[in-house]
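Trainee: Shall we go through the empty spaces and the ligand site in this one? I would like to take them one at a time.

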Amino acid sequence: MPQEKWNYNPFWDEVVSRMQSSLSEQECITWLNRISYAGSEDHKLVLAVPSLFIRDYVSTQYKPAIQSMLNELTGEAVTVDILVKKMSAQTGSQGQSEGTQHRQAEHEKPAKSHQVSAPLPKAQKKPRDPNINTSYQFESFVVGDNSAFAYSVSMAIAKNPGVSYNPCLIYGGVGLGKTHLIQSIGNYIQDYTPELQVVYVTAEMFTNEFIQSIGEEKTPQFRNKYRKADVLLIDDIHFLQKKSSTQEEMFHVFNNLFEANKQLVFTCDRPINELQDIADRLKNRFTRGINVDLQPPDFETRLAILRRKCEGKACHISSEVLEYIGKSVNTNVRDLEASLTKLIAYSNLLNKEITLDIAREQLKSTYSMSKDQSMSIDSIIRVIADYFNISPYDIKGKKRTKSVVLPRQIAMYVARTITDFSTTEIGYEFGGRDHTTVMHSVQRVEGMIQSDIAVSNSIQNLIRQAQSFKREK
Ligand code: ADP
Ligand code: MG
(Lines give C-alpha, C1' and ligand atoms only; values in the text may rest on other atoms or scores of the structure.)
(Ligands and ions follow the chains in the order given, each with its own letter.)
Protein backbone atom coordinates (compact mmCIF):
# COMPACT_ATOMS: atom_id res chain seq x y z
CA MET A 1 0.00 0.00 0.00
CA PRO A 2 1.52 3.38 -0.94
CA GLN A 3 2.67 5.30 2.13
CA GLU A 4 1.58 8.73 0.77
CA LYS A 5 -2.05 7.78 0.63
CA TRP A 6 -2.38 6.62 4.19
CA ASN A 7 -0.24 8.48 6.61
CA TYR A 8 -1.35 8.28 10.20
CA ASN A 9 2.04 9.29 11.57
CA PRO A 10 1.02 12.89 12.51
CA PHE A 11 -2.13 11.55 14.19
CA TRP A 12 -0.05 9.05 16.13
CA ASP A 13 2.17 11.93 17.31
CA GLU A 14 -0.90 13.68 18.59
CA VAL A 15 -2.12 10.52 20.33
CA VAL A 16 1.28 10.23 22.05
CA SER A 17 1.23 13.77 23.32
CA ARG A 18 -2.32 13.36 24.64
CA MET A 19 -1.37 10.12 26.36
CA GLN A 20 1.72 11.69 27.88
CA SER A 21 -0.38 14.24 29.64
CA SER A 22 -2.70 11.65 31.10
CA LEU A 23 -0.20 8.93 32.06
CA SER A 24 2.28 8.92 34.93
CA GLU A 25 5.99 9.28 34.21
CA GLN A 26 6.44 5.63 35.17
CA GLU A 27 3.78 4.51 32.68
CA CYS A 28 5.38 6.61 29.96
CA ILE A 29 8.77 5.06 30.68
CA THR A 30 7.61 1.48 30.88
CA TRP A 31 4.95 1.43 28.18
CA LEU A 32 4.40 4.46 26.01
CA ASN A 33 8.07 5.06 25.19
CA ARG A 34 8.34 1.50 23.98
CA ILE A 35 5.73 1.96 21.26
CA SER A 36 6.91 3.21 17.89
CA TYR A 37 5.18 4.13 14.67
CA ALA A 38 5.69 1.34 12.12
CA GLY A 39 3.54 2.36 9.17
CA SER A 40 0.13 3.15 7.75
CA GLU A 41 -2.14 1.02 5.62
CA ASP A 42 -5.69 1.22 4.41
CA HIS A 43 -7.51 2.51 7.50
CA LYS A 44 -4.90 0.92 9.66
CA LEU A 45 -2.18 2.35 11.89
CA VAL A 46 0.66 -0.10 12.48
CA LEU A 47 2.65 0.24 15.69
CA ALA A 48 5.67 -1.72 16.89
CA VAL A 49 6.78 -2.80 20.36
CA PRO A 50 9.94 -4.70 21.34
CA SER A 51 8.38 -7.76 22.98
CA LEU A 52 5.36 -9.99 23.13
CA PHE A 53 4.94 -9.14 26.77
CA ILE A 54 4.71 -5.42 26.05
CA ARG A 55 2.39 -6.07 23.14
CA ASP A 56 -0.03 -8.02 25.29
CA TYR A 57 -0.05 -5.34 27.92
CA VAL A 58 -0.38 -2.43 25.47
CA SER A 59 -3.13 -4.27 23.56
CA THR A 60 -5.29 -4.73 26.62
CA GLN A 61 -4.49 -1.53 28.49
CA TYR A 62 -4.01 1.17 25.85
CA LYS A 63 -5.21 -0.03 22.47
CA PRO A 64 -8.90 0.84 22.94
CA ALA A 65 -7.98 4.39 24.01
CA ILE A 66 -5.50 4.79 21.14
CA GLN A 67 -8.13 3.61 18.70
CA SER A 68 -10.83 5.93 19.90
CA MET A 69 -8.48 8.96 19.93
CA LEU A 70 -7.46 8.09 16.42
CA ASN A 71 -11.06 7.83 15.23
CA GLU A 72 -11.79 11.19 16.77
CA LEU A 73 -8.71 12.85 15.24
CA THR A 74 -9.04 11.42 11.73
CA GLY A 75 -12.82 11.28 11.53
CA GLU A 76 -12.38 7.77 10.10
CA ALA A 77 -12.65 4.28 11.49
CA VAL A 78 -9.00 3.40 11.87
CA THR A 79 -7.88 0.10 13.32
CA VAL A 80 -4.62 -0.37 15.20
CA ASP A 81 -2.28 -3.26 14.61
CA ILE A 82 0.62 -3.92 16.98
CA LEU A 83 3.70 -5.79 15.85
CA VAL A 84 6.46 -7.28 17.91
CA LYS A 85 9.61 -5.98 16.35
CA LYS A 86 13.20 -6.08 17.44
CA MET A 87 14.18 -2.47 17.42
CA SER A 88 17.94 -2.58 17.14
CA ALA A 89 19.10 -0.84 13.99
CA GLN A 90 21.64 -3.39 12.82
CA THR A 91 19.36 -6.41 12.61
CA GLY A 92 16.49 -4.89 10.73
CA SER A 93 14.41 -7.94 11.60
CA GLN A 94 10.82 -8.15 10.54
CA GLY A 95 8.00 -7.64 12.93
CA GLN A 96 5.26 -10.14 13.61
CA SER A 97 1.65 -9.31 13.79
CA GLU A 98 -0.68 -9.97 16.65
CA GLY A 99 -1.49 -13.58 17.24
CA THR A 100 1.84 -14.80 15.89
CA GLN A 101 3.97 -16.60 18.40
CA HIS A 102 7.39 -15.10 18.92
CA ARG A 103 8.82 -16.65 22.03
CA GLN A 104 12.30 -15.44 21.32
CA ALA A 105 11.15 -11.85 21.37
CA GLU A 106 10.47 -12.29 25.08
CA HIS A 107 14.17 -12.73 25.67
CA GLU A 108 15.27 -9.89 23.50
CA LYS A 109 16.17 -6.67 25.16
CA PRO A 110 14.21 -3.60 24.17
CA ALA A 111 15.93 -0.93 22.13
CA LYS A 112 17.76 1.49 24.36
CA SER A 113 16.28 4.60 22.83
CA HIS A 114 12.56 5.07 22.68
CA GLN A 115 11.14 5.53 19.26
CA VAL A 116 7.99 7.57 19.66
CA SER A 117 7.94 10.41 17.22
CA ALA A 118 6.95 13.18 19.62
CA PRO A 119 9.70 14.39 21.94
CA LEU A 120 9.24 13.23 25.50
CA PRO A 121 10.41 15.06 28.59
CA LYS A 122 13.95 13.83 29.19
CA ALA A 123 14.16 11.80 32.38
CA GLN A 124 17.46 12.00 34.20
CA LYS A 125 19.81 9.02 34.22
CA LYS A 126 20.32 7.77 37.76
CA PRO A 127 23.71 6.63 39.09
CA ARG A 128 24.27 2.87 38.97
CA ASP A 129 24.29 1.03 42.25
CA PRO A 130 27.93 0.02 42.93
CA ASN A 131 26.72 -3.03 44.87
CA ILE A 132 25.31 -4.61 41.73
CA ASN A 133 27.84 -6.86 40.05
CA THR A 134 27.55 -6.43 36.28
CA SER A 135 28.53 -10.03 35.67
CA TYR A 136 25.12 -11.19 36.93
CA GLN A 137 23.03 -11.03 33.78
CA PHE A 138 19.95 -12.89 32.55
CA GLU A 139 21.99 -14.07 29.56
CA SER A 140 24.41 -15.98 31.75
CA PHE A 141 21.67 -17.63 33.82
CA VAL A 142 21.00 -21.15 32.56
CA VAL A 143 17.29 -21.88 32.80
CA GLY A 144 16.08 -25.35 33.74
CA ASP A 145 12.77 -26.72 35.01
CA ASN A 146 14.01 -25.89 38.49
CA SER A 147 14.26 -22.18 37.74
CA ALA A 148 12.02 -21.44 34.76
CA PHE A 149 9.24 -19.79 36.73
CA ALA A 150 11.56 -17.67 38.89
CA TYR A 151 13.46 -16.65 35.77
CA SER A 152 10.34 -15.61 33.83
CA VAL A 153 8.97 -13.61 36.73
CA SER A 154 12.33 -11.88 37.22
CA MET A 155 12.51 -11.06 33.54
CA ALA A 156 8.97 -9.66 33.51
CA ILE A 157 9.83 -7.47 36.51
CA ALA A 158 13.01 -6.23 34.85
CA LYS A 159 11.07 -5.28 31.74
CA ASN A 160 8.21 -3.62 33.57
CA PRO A 161 9.21 -2.69 37.08
CA GLY A 162 6.46 -1.73 39.48
CA VAL A 163 3.73 -2.89 37.12
CA SER A 164 3.04 -6.49 37.96
CA TYR A 165 4.52 -9.04 40.37
CA ASN A 166 5.00 -6.58 43.16
CA PRO A 167 6.42 -7.34 45.68
CA CYS A 168 8.29 -10.42 44.52
CA LEU A 169 9.99 -12.95 46.75
CA ILE A 170 12.50 -15.43 45.33
CA TYR A 171 13.36 -18.20 47.75
CA GLY A 172 15.58 -21.27 47.67
CA GLY A 173 18.59 -22.92 49.27
CA VAL A 174 22.14 -21.71 49.21
CA GLY A 175 23.95 -21.47 45.86
CA LEU A 176 20.84 -21.87 43.70
CA GLY A 177 21.03 -18.49 41.96
CA LYS A 178 18.99 -16.07 44.12
CA THR A 179 21.66 -13.36 44.08
CA HIS A 180 22.30 -13.96 40.39
CA LEU A 181 18.63 -13.44 39.54
CA ILE A 182 17.93 -10.46 41.78
CA GLN A 183 21.08 -8.69 40.53
CA SER A 184 20.17 -9.51 36.92
CA ILE A 185 16.94 -7.61 37.50
CA GLY A 186 19.02 -4.67 38.77
CA ASN A 187 21.44 -4.77 35.85
CA TYR A 188 18.70 -5.02 33.28
CA ILE A 189 16.80 -2.05 34.65
CA GLN A 190 19.96 0.03 34.96
CA ASP A 191 20.80 -0.76 31.34
CA TYR A 192 17.41 -0.27 29.77
CA THR A 193 15.56 2.17 32.00
CA PRO A 194 18.44 4.13 33.52
CA GLU A 195 16.05 6.86 34.62
CA LEU A 196 14.90 4.53 37.40
CA GLN A 197 16.88 4.51 40.64
CA VAL A 198 17.81 0.95 41.53
CA VAL A 199 18.99 0.15 45.05
CA TYR A 200 20.41 -3.28 45.94
CA VAL A 201 21.36 -4.32 49.47
CA THR A 202 21.64 -7.52 51.40
CA ALA A 203 19.52 -7.59 54.53
CA GLU A 204 22.78 -7.63 56.43
CA MET A 205 23.97 -4.41 54.77
CA PHE A 206 20.57 -2.86 55.44
CA THR A 207 20.84 -3.81 59.12
CA ASN A 208 24.37 -2.48 59.46
CA GLU A 209 23.56 0.79 57.71
CA PHE A 210 20.51 1.21 59.90
CA ILE A 211 22.45 0.62 63.12
CA GLN A 212 25.21 2.93 61.98
CA SER A 213 22.73 5.66 61.06
CA ILE A 214 21.31 5.54 64.58
CA GLY A 215 24.79 5.78 66.09
CA GLU A 216 25.67 8.75 63.92
CA GLU A 217 22.24 10.33 64.23
CA LYS A 218 21.74 10.08 60.49
CA THR A 219 18.50 8.15 60.26
CA PRO A 220 16.87 10.77 57.98
CA GLN A 221 19.67 10.27 55.41
CA PHE A 222 19.28 6.51 55.74
CA ARG A 223 15.54 6.70 55.15
CA ASN A 224 15.95 9.10 52.30
CA LYS A 225 18.23 6.72 50.43
CA TYR A 226 15.56 4.01 50.49
CA ARG A 227 12.64 6.31 49.82
CA LYS A 228 14.29 7.56 46.66
CA ALA A 229 14.46 4.06 45.19
CA ASP A 230 12.24 3.19 42.23
CA VAL A 231 13.35 -0.41 42.47
CA LEU A 232 14.49 -1.85 45.79
CA LEU A 233 16.23 -5.23 45.76
CA ILE A 234 16.90 -6.82 49.15
CA ASP A 235 18.87 -10.05 49.22
CA ASP A 236 18.77 -12.69 51.99
CA ILE A 237 15.97 -11.37 54.20
CA HIS A 238 16.31 -14.42 56.48
CA PHE A 239 19.08 -12.35 58.05
CA LEU A 240 16.36 -10.20 59.64
CA GLN A 241 15.26 -13.00 61.96
CA LYS A 242 15.37 -11.86 65.58
CA LYS A 243 16.23 -8.26 64.60
CA SER A 244 13.06 -6.54 65.59
CA SER A 245 14.03 -2.88 65.23
CA THR A 246 15.53 -3.44 61.77
CA GLN A 247 12.34 -5.30 60.87
CA GLU A 248 10.35 -2.31 62.00
CA GLU A 249 12.42 -0.02 59.77
CA MET A 250 12.09 -2.40 56.85
CA PHE A 251 8.33 -2.42 57.36
CA HIS A 252 8.18 1.36 56.94
CA VAL A 253 10.49 1.38 53.95
CA PHE A 254 8.32 -1.32 52.40
CA ASN A 255 5.07 0.55 52.95
CA ASN A 256 6.42 3.81 51.60
CA LEU A 257 7.68 2.30 48.40
CA PHE A 258 4.81 -0.09 47.88
CA GLU A 259 2.24 2.68 48.17
CA ALA A 260 4.17 4.68 45.59
CA ASN A 261 4.04 1.69 43.17
CA LYS A 262 7.78 1.15 43.36
CA GLN A 263 9.11 -2.30 42.62
CA LEU A 264 10.27 -4.46 45.54
CA VAL A 265 12.13 -7.74 45.18
CA PHE A 266 13.41 -9.90 48.04
CA THR A 267 15.25 -13.17 48.36
CA CYS A 268 15.17 -15.62 51.22
CA ASP A 269 16.73 -19.02 51.88
CA ARG A 270 13.37 -20.60 52.78
CA PRO A 271 9.63 -20.00 52.39
CA ILE A 272 8.54 -16.99 54.44
CA ASN A 273 6.28 -18.97 56.75
CA GLU A 274 9.31 -20.92 57.92
CA LEU A 275 11.13 -17.83 59.13
CA GLN A 276 11.40 -17.56 62.88
CA ASP A 277 11.13 -14.35 64.83
CA ILE A 278 9.86 -12.13 62.08
CA ALA A 279 6.93 -9.88 62.91
CA ASP A 280 3.73 -11.16 61.31
CA ARG A 281 2.96 -7.84 59.70
CA LEU A 282 6.32 -7.87 57.90
CA LYS A 283 5.79 -11.51 56.86
CA ASN A 284 2.45 -10.47 55.42
CA ARG A 285 4.12 -7.76 53.39
CA PHE A 286 6.66 -10.17 51.93
CA THR A 287 4.02 -12.67 50.91
CA ARG A 288 1.62 -10.13 49.49
CA GLY A 289 2.73 -10.34 45.87
CA ILE A 290 4.30 -13.27 44.12
CA ASN A 291 6.50 -15.95 45.72
CA VAL A 292 8.68 -18.05 43.44
CA ASP A 293 11.16 -20.74 44.35
CA LEU A 294 14.45 -21.99 42.97
CA GLN A 295 14.98 -25.73 43.22
CA PRO A 296 18.26 -27.60 42.84
CA PRO A 297 18.98 -28.25 39.15
CA ASP A 298 18.49 -31.73 37.68
CA PHE A 299 21.28 -33.56 35.86
CA GLU A 300 20.54 -32.08 32.40
CA THR A 301 20.48 -28.56 33.79
CA ARG A 302 23.68 -29.15 35.76
CA LEU A 303 25.35 -30.28 32.58
CA ALA A 304 24.05 -27.26 30.68
CA ILE A 305 25.38 -24.99 33.43
CA LEU A 306 28.80 -26.67 33.33
CA ARG A 307 28.95 -26.36 29.55
CA ARG A 308 28.02 -22.69 29.76
CA LYS A 309 30.67 -22.04 32.41
CA CYS A 310 33.29 -23.69 30.20
CA GLU A 311 32.47 -21.44 27.27
CA GLY A 312 35.05 -18.75 26.76
CA LYS A 313 37.52 -20.45 29.09
CA ALA A 314 40.87 -21.40 27.60
CA CYS A 315 40.78 -24.86 29.12
CA HIS A 316 39.08 -27.73 27.33
CA ILE A 317 37.23 -30.24 29.45
CA SER A 318 35.86 -33.36 27.83
CA SER A 319 32.15 -34.19 27.86
CA GLU A 320 32.95 -37.32 29.82
CA VAL A 321 34.49 -35.27 32.63
CA LEU A 322 31.68 -32.72 32.57
CA GLU A 323 29.15 -35.53 32.87
CA TYR A 324 31.09 -36.94 35.77
CA ILE A 325 30.98 -33.58 37.58
CA GLY A 326 27.30 -33.16 36.74
CA LYS A 327 26.50 -36.58 38.19
CA SER A 328 28.56 -36.35 41.33
CA VAL A 329 28.01 -32.74 42.36
CA ASN A 330 24.28 -32.51 42.85
CA THR A 331 23.92 -30.02 45.67
CA ASN A 332 23.79 -26.59 44.05
CA VAL A 333 25.24 -24.38 41.34
CA ARG A 334 27.85 -22.82 43.59
CA ASP A 335 29.35 -26.26 44.27
CA LEU A 336 29.26 -27.07 40.55
CA GLU A 337 31.17 -23.89 39.80
CA ALA A 338 33.67 -24.57 42.57
CA SER A 339 34.36 -28.08 41.28
CA LEU A 340 34.88 -26.84 37.76
CA THR A 341 37.14 -24.02 38.91
CA LYS A 342 39.22 -26.46 40.90
CA LEU A 343 39.72 -28.75 37.91
CA ILE A 344 40.53 -25.87 35.57
CA ALA A 345 43.08 -24.50 38.04
CA TYR A 346 44.64 -27.94 38.37
CA SER A 347 44.84 -28.36 34.63
CA ASN A 348 46.32 -24.88 34.06
CA LEU A 349 48.86 -25.09 36.84
CA LEU A 350 50.16 -28.52 35.96
CA ASN A 351 49.56 -28.08 32.27
CA LYS A 352 47.73 -31.40 32.12
CA GLU A 353 44.56 -32.39 30.36
CA ILE A 354 41.88 -33.45 32.80
CA THR A 355 41.13 -37.13 32.56
CA LEU A 356 38.29 -38.88 34.32
CA ASP A 357 40.77 -40.29 36.84
CA ILE A 358 42.14 -36.85 37.67
CA ALA A 359 38.61 -35.50 38.06
CA ARG A 360 37.70 -38.36 40.38
CA GLU A 361 40.81 -37.84 42.46
CA GLN A 362 40.46 -34.07 42.67
CA LEU A 363 36.78 -34.08 43.49
CA LYS A 364 36.93 -36.99 45.91
CA SER A 365 36.41 -34.83 48.93
CA THR A 366 33.99 -32.50 47.26
CA TYR A 367 30.47 -31.50 47.54
CA SER A 368 28.47 -34.52 46.56
CA MET A 369 25.37 -35.65 48.35
CA SER A 370 27.04 -39.01 48.71
CA LYS A 371 27.08 -40.52 52.13
CA ASP A 372 29.69 -39.20 54.39
CA GLN A 373 31.24 -40.49 57.58
CA SER A 374 33.22 -37.34 58.24
CA MET A 375 30.11 -35.39 59.03
CA SER A 376 29.31 -35.58 62.70
CA ILE A 377 25.79 -36.22 63.91
CA ASP A 378 26.30 -33.42 66.37
CA SER A 379 26.75 -30.88 63.61
CA ILE A 380 23.52 -32.09 61.98
CA ILE A 381 21.72 -31.75 65.30
CA ARG A 382 23.04 -28.21 65.67
CA VAL A 383 21.82 -27.14 62.23
CA ILE A 384 18.37 -28.60 62.78
CA ALA A 385 18.09 -27.20 66.33
CA ASP A 386 19.09 -23.80 65.05
CA TYR A 387 16.53 -23.95 62.29
CA PHE A 388 13.70 -24.82 64.68
CA ASN A 389 14.97 -22.42 67.28
CA ILE A 390 15.35 -25.04 70.00
CA SER A 391 18.48 -26.24 71.76
CA PRO A 392 20.54 -29.29 70.69
CA TYR A 393 19.91 -30.65 74.21
CA ASP A 394 16.19 -30.70 73.50
CA ILE A 395 16.81 -32.81 70.42
CA LYS A 396 18.93 -35.29 72.33
CA GLY A 397 16.84 -35.12 75.48
CA LYS A 398 13.73 -36.89 76.69
CA LYS A 399 11.08 -34.23 76.05
CA ARG A 400 8.15 -35.49 74.02
CA THR A 401 6.39 -32.24 73.19
CA LYS A 402 5.39 -31.69 69.59
CA SER A 403 7.80 -28.78 69.14
CA VAL A 404 10.72 -31.10 69.92
CA VAL A 405 9.61 -34.46 68.54
CA LEU A 406 9.33 -33.39 64.90
CA PRO A 407 12.73 -31.63 64.76
CA ARG A 408 14.25 -34.71 66.44
CA GLN A 409 12.74 -37.01 63.82
CA ILE A 410 13.88 -34.75 61.01
CA ALA A 411 17.40 -34.65 62.44
CA MET A 412 17.45 -38.46 62.55
CA TYR A 413 16.23 -38.60 58.98
CA VAL A 414 18.92 -36.15 57.81
CA ALA A 415 21.61 -38.08 59.69
CA ARG A 416 20.46 -41.34 58.10
CA THR A 417 20.30 -39.78 54.64
CA ILE A 418 23.61 -37.98 54.44
CA THR A 419 25.92 -40.07 56.60
CA ASP A 420 26.90 -43.73 56.64
CA PHE A 421 26.10 -44.21 60.33
CA SER A 422 23.86 -47.15 61.15
CA THR A 423 20.50 -46.66 62.88
CA THR A 424 22.09 -48.06 66.05
CA GLU A 425 24.90 -45.51 65.94
CA ILE A 426 22.45 -42.69 65.22
CA GLY A 427 20.22 -43.81 68.10
CA TYR A 428 23.21 -43.75 70.41
CA GLU A 429 24.08 -40.15 69.40
CA PHE A 430 20.48 -39.05 69.92
CA GLY A 431 20.58 -39.54 73.65
CA GLY A 432 20.91 -43.33 73.66
CA ARG A 433 17.75 -44.21 71.75
CA ASP A 434 16.97 -47.58 70.28
CA HIS A 435 17.58 -48.23 66.58
CA THR A 436 13.87 -48.95 66.05
CA THR A 437 13.08 -45.40 67.17
CA VAL A 438 15.44 -44.12 64.47
CA MET A 439 13.86 -46.38 61.85
CA HIS A 440 10.41 -45.24 62.83
CA SER A 441 11.45 -41.58 62.60
CA VAL A 442 13.04 -42.04 59.20
CA GLN A 443 9.88 -43.73 57.89
CA ARG A 444 7.66 -41.01 59.27
CA VAL A 445 9.71 -38.22 57.69
CA GLU A 446 9.88 -40.12 54.39
CA GLY A 447 6.09 -40.30 54.44
CA MET A 448 5.83 -36.56 55.05
CA ILE A 449 8.29 -35.83 52.23
CA GLN A 450 6.28 -37.94 49.83
CA SER A 451 2.97 -36.37 50.67
CA ASP A 452 3.97 -32.73 51.03
CA ILE A 453 6.16 -30.86 48.57
CA ALA A 454 6.69 -27.96 50.99
CA VAL A 455 8.05 -30.31 53.65
CA SER A 456 10.20 -31.99 51.05
CA ASN A 457 11.67 -28.64 49.99
CA SER A 458 12.37 -27.59 53.55
CA ILE A 459 14.15 -30.83 54.32
CA GLN A 460 16.24 -30.57 51.17
CA ASN A 461 17.10 -27.11 52.35
CA LEU A 462 18.15 -28.39 55.75
CA ILE A 463 20.29 -31.06 54.15
CA ARG A 464 22.07 -28.41 52.14
CA GLN A 465 22.53 -26.29 55.23
CA ALA A 466 23.96 -29.23 57.15
CA GLN A 467 26.38 -29.90 54.31
CA SER A 468 27.49 -26.32 53.98
CA PHE A 469 27.80 -26.11 57.77
CA LYS A 470 30.28 -28.93 57.53
CA ARG A 471 32.23 -27.22 54.76
CA GLU A 472 32.55 -24.05 56.80
CA LYS A 473 34.21 -25.99 59.60
P1 ADP B 1 22.43 -17.85 46.11
O2 ADP B 1 22.34 -16.35 46.16
O3 ADP B 1 21.12 -18.52 45.88
O4 ADP B 1 23.16 -18.44 47.26
P5 ADP B 1 24.10 -17.30 43.82
O6 ADP B 1 23.18 -16.47 43.01
O7 ADP B 1 25.18 -16.60 44.56
O8 ADP B 1 23.28 -18.23 44.82
O9 ADP B 1 24.72 -18.41 42.86
C10 ADP B 1 25.92 -19.10 43.16
C11 ADP B 1 26.77 -19.15 41.90
O12 ADP B 1 26.15 -19.98 40.95
C13 ADP B 1 26.93 -17.80 41.24
O14 ADP B 1 28.22 -17.70 40.73
C15 ADP B 1 25.92 -17.82 40.12
O16 ADP B 1 26.33 -17.04 39.02
C17 ADP B 1 25.89 -19.28 39.76
N18 ADP B 1 24.56 -19.69 39.29
C19 ADP B 1 23.50 -19.98 40.07
N20 ADP B 1 22.45 -20.39 39.32
C21 ADP B 1 22.87 -20.35 38.04
C22 ADP B 1 22.25 -20.65 36.78
N23 ADP B 1 20.99 -21.10 36.71
N24 ADP B 1 22.98 -20.48 35.66
C25 ADP B 1 24.25 -20.06 35.72
N26 ADP B 1 24.90 -19.75 36.86
C27 ADP B 1 24.22 -19.89 38.02
MG1 MG C 1 22.99 -15.02 47.62
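The exchange below covers the ligand, the pocket and the cavity of this predicted model.

Trainee: Which residues are closest to ligand 1?
Mentor: Start with the shell of neighbours. Ligand 1 is surrounded by 16 residues. The closest of them are G175, T179, H180, K309 and E337.

Trainee: Which side chain has an N or O atom 2.7 Å from a nitrogen atom of ligand 1?
Mentor: Separate backbone from side chain. G175 and L176 approach oxygen atoms of the ligand through backbone N or O atoms, G175 at 2.7 Å and L176 at 3.2 Å. The contact to a ligand nitrogen atom, at 2.7 Å, comes from the side chain of K309.

Trainee: What share of the accessible area of ligand 1 does the protein cover?
Mentor: Take the ligand by itself as the reference. On its own, ligand 1 has 550 Å² of accessible area. Of that area, the protein covers 92%.

Trainee: Which helix gives the most to the lining of the largest pocket?
Mentor: The largest pocket holds about 1,400 Å³ of space and has 49 lining residues. Helices α7, α12, α14, α16 and α21 each supply at least two of them. With seven residues, the top contributor is α14.

Trainee: Which residues lie nearest the centre of the largest pocket, and how many of its lining residues are charged?
Mentor: Nearest the centre are V174, G175, K178, D236 and R334. G175 is also among the residues closest to ligand 1. By class, the pocket lining has 14 nonpolar and 19 polar residues. The charged residues number 16.

Trainee: Now the enclosed space. What is the volume of the largest cavity?
Mentor: Count first, with a cut-off of 30 Å³ or more. One cavity in the structure passes. The volume of the largest cavity is about 90 Å³.

Trainee: Which helix gives the most to the lining of that cavity?
Mentor: The lining has 13 residues, and G172, Q295, N457, N461 and R464 lie nearest the centre. Domain 2 (138-294) and domain 4 (372-472) each provide at least three lining residues. One helix, spanning residues 453-472, leads with five residues: α21.

Trainee: How many residues of the cavity lining are polar?
Mentor: Sort the lining by class. Four residues are nonpolar and two are charged. The polar residues number seven.

Key. Residues are numbered from 1 along each chain as its sequence is written. Chains are lettered from A and ligands numbered from 1 in the order in which they are written. This is a predicted model: local features need pLDDT of at least 70, side-chain atom pairs count only at pLDDT 80 or more; totals for chains, interfaces and linings use all residues. Side-chain values use heavy atoms; hydrogens and water are left out. On a 1 Å grid over the protein atoms alone, a cavity is a set of points where a 1.4 Å probe fits but cannot get out, and a pocket is an open set with protein on both sides within 12 Å along at least five of seven lines; lining residues have an atom within 4 Å of a point. Grid points are joined across faces, edges and corners, and a volume is the space filled by probe spheres set on the points. Helices (H or I, at least four residues) and strands (E, at least two) are DSSP runs, numbered from the N terminus. Ala, Val, Leu, Ile, Met, Phe, Trp, Tyr, Cys and Pro count as nonpolar, Asp, Glu, Lys and Arg as charged, and the others, Gly among them, as polar. Domain bounds come from an automatic or database domain assignment. A residue is near a molecule or strand if one of its heavy atoms lies within 4 Å of it. A polar contact is a pair of N or O atoms within 3.5 Å; within protein, one must be able to donate a hydrogen and the other to accept it, and residues adjacent in sequence count only if both atoms are side-chain atoms. Accessible areas come from the Shrake-Rupley method with a 1.4 Å probe; for residues, only the protein chains shown count as cover.
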